Amino acid sequence: MVITPDTKVERLLRHLTHQLSQHLPETLLGLYLHGSLVTGDFNPERSDIDLLAVLSHDPSEQTIEHLQVFHSQLDADEPAWCGRVEINYISVAALESFRTQPRLMARISPGEPLHLVPATRHYLLQWYMAWYSGVALFGPPPQQIMPGLDRAEFVAVVREHASNWKVWIAEMDPHHAGSHVYGVLTLCRALYSATTGEQVSKKQAAKWAALQLPEWASLIEWAVTWWYGSGEARPRPDFSTVKDFIAAVSNRITDIRE
């Protein structure tokens, strides 16, 4: 199956899938692509590769050792994607029990080294998208091995994350435009998801949000231009404007009736 016409990305996916299946020959049940490569508007210069690896057993420290070798070799083989591959490694049992008895999963993401973390509902957004619309790179379709995830629960976690952004944005570097853009686009998508129960790309959600929030349309347009362009969109808004947007949209999401 060809996932994208971008031959470099396609090569990465094939190489990654083959190597990971070799490093986890007895425990890897499925590998599922989600994120912007599936929802659309993938930016090869900036977007991450989002994956969920479903395992037969909970990952252990020994699993981490095997995966460290895999990820180190992947970075060496594909230096353009170093630090831009996000993978959650989680067992079927953990996906079944996370609501009542969280188990351990392994995780690596941009700025976050490979490590074991509790598989709590905090990560449900990634699991839900892999289950709902993920593309199988290895193994059967996700719905055949992953427990079903409820849309209402997905929306509830979206609302929780949106509320947390009021804290996260205050902790950001006021001069780091990339973080501000990411916050604006993420809140646009959170508003879309909380309103519709669906997930789309950041760009699609931003277009929709600009119509719903005309008073913020110029800020949203700046964020889209920056993220999907050269990263040099001007004029750049004040950090206080970004914080006001985050607070306003977060409150709007909270006010949406379930």
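I'll start with S201. Leaving aside neighbours within four places in sequence, S201 is in contact with T39, G40, D41 and R189. This is a predicted model, so please hear everything that follows as computed from that prediction. S201 sits in the loop between α8, residues 177-196, and α9, residues 202-212. With a relative accessibility of 1%, S201 counts as buried. One of those contacts is polar: the S201 side chain meets the side chain of D41 at 2.5 Å.

From that loop we go straight on into α9. Which residues of α9 are buried? They are K202, A205, A206, W208 and A209. These five span an arc of only 165° around the axis, so they lie on the same side of α9. What do they pack against? The buried residues of α9 pack against α8 and against α10, residues 217-228. On the face turned away from the buried side, α9 carries the exposed residues K207 and L211.

Now the cores. In soluble globular proteins, nonpolar side chains tend to be buried together. Here, the largest nonpolar core has 58 residues, and W127, I220 and F245 have the most contacts inside it. Elements that each supply at least two residues of this core include β2, α4, α5, α7 and α11. The helices α8, α9 and α10 are on that list as well. The largest share comes from α8, with ten residues.

Take W127 as a single example. Its contacts, again without neighbours within four places in sequence, include L52, I90, L95, F98, M105, M146 and L149. N88, A119 and T120 are also in contact with W127. There is a second, separate core of 28 residues, and A53, L55, I87 and I108 are among them.

On to the strands. Strand β1 covers residues 28-34, and six of its seven residues are buried, so β1 is largely enclosed by the rest of the structure. Which strands pair with β1? Strand β2, residues 49-55, is joined to β1 by six bridges, and the two run antiparallel. In that pairing, H34 stands opposite D50 of β2. Strand β6, residues 135-138, also pairs with β1 in the antiparallel sense, over three bridges. There, L31 stands opposite F138 of β6.

Two more residues, both in helices. L74 belongs to helix α3, residues 61-77. L74 is buried, at a relative accessible area of 5%. Beyond its neighbours within four places in sequence, L74 is in contact with L12, H15, L16 and V85. For the pair L74 and L16, the separation is 58 residues in sequence and 7.2 Å in space, C-alpha to C-alpha.

The other is R159, in helix α7, residues 151-168. Is R159 buried or exposed? Its relative accessibility is 17%, and the cut-off for buried is under 20%, so R159 counts as buried. The R159 side chain reaches the backbone oxygen of I253 at 3.2 Å. I253 falls within α11, residues 239-255.

Last, the cysteines. How many disulfides does a search of the whole structure find? Zero. As for accessibility, C188 is buried, with a relative accessible area of 1%, whereas C82 is partly exposed at 45%.

That is what I have for today.

Conventions. Residues are numbered from 1 along each chain as its sequence is written. This is a predicted model: local features need pLDDT of at least 70, side-chain atom pairs count only at pLDDT 80 or more; totals for chains, interfaces and linings use all residues. Side-chain values use heavy atoms; hydrogens and water are left out. A disulfide is a pair of cysteine sulfur atoms within 2.5 Å. Buried means under 20% relative accessible area, exposed over 50%, partly exposed in between (1.4 Å probe, protein chains only). Helices (H or I, at least four residues) and strands (E, at least two) are DSSP runs, numbered from the N terminus. Contact means heavy atoms within 4.5 Å. A polar contact is a pair of N or O atoms within 3.5 Å; within protein, one must be able to donate a hydrogen and the other to accept it, and residues adjacent in sequence count only if both atoms are side-chain atoms. Two strands pair if DSSP finds at least two bridges between them. The arc is that of the directions from the helix axis to the C-beta atoms. A nonpolar core is a set of buried Ala, Val, Leu, Ile, Met, Phe, Trp, Tyr and Cys residues joined through side-chain atoms within 4.5 Å.
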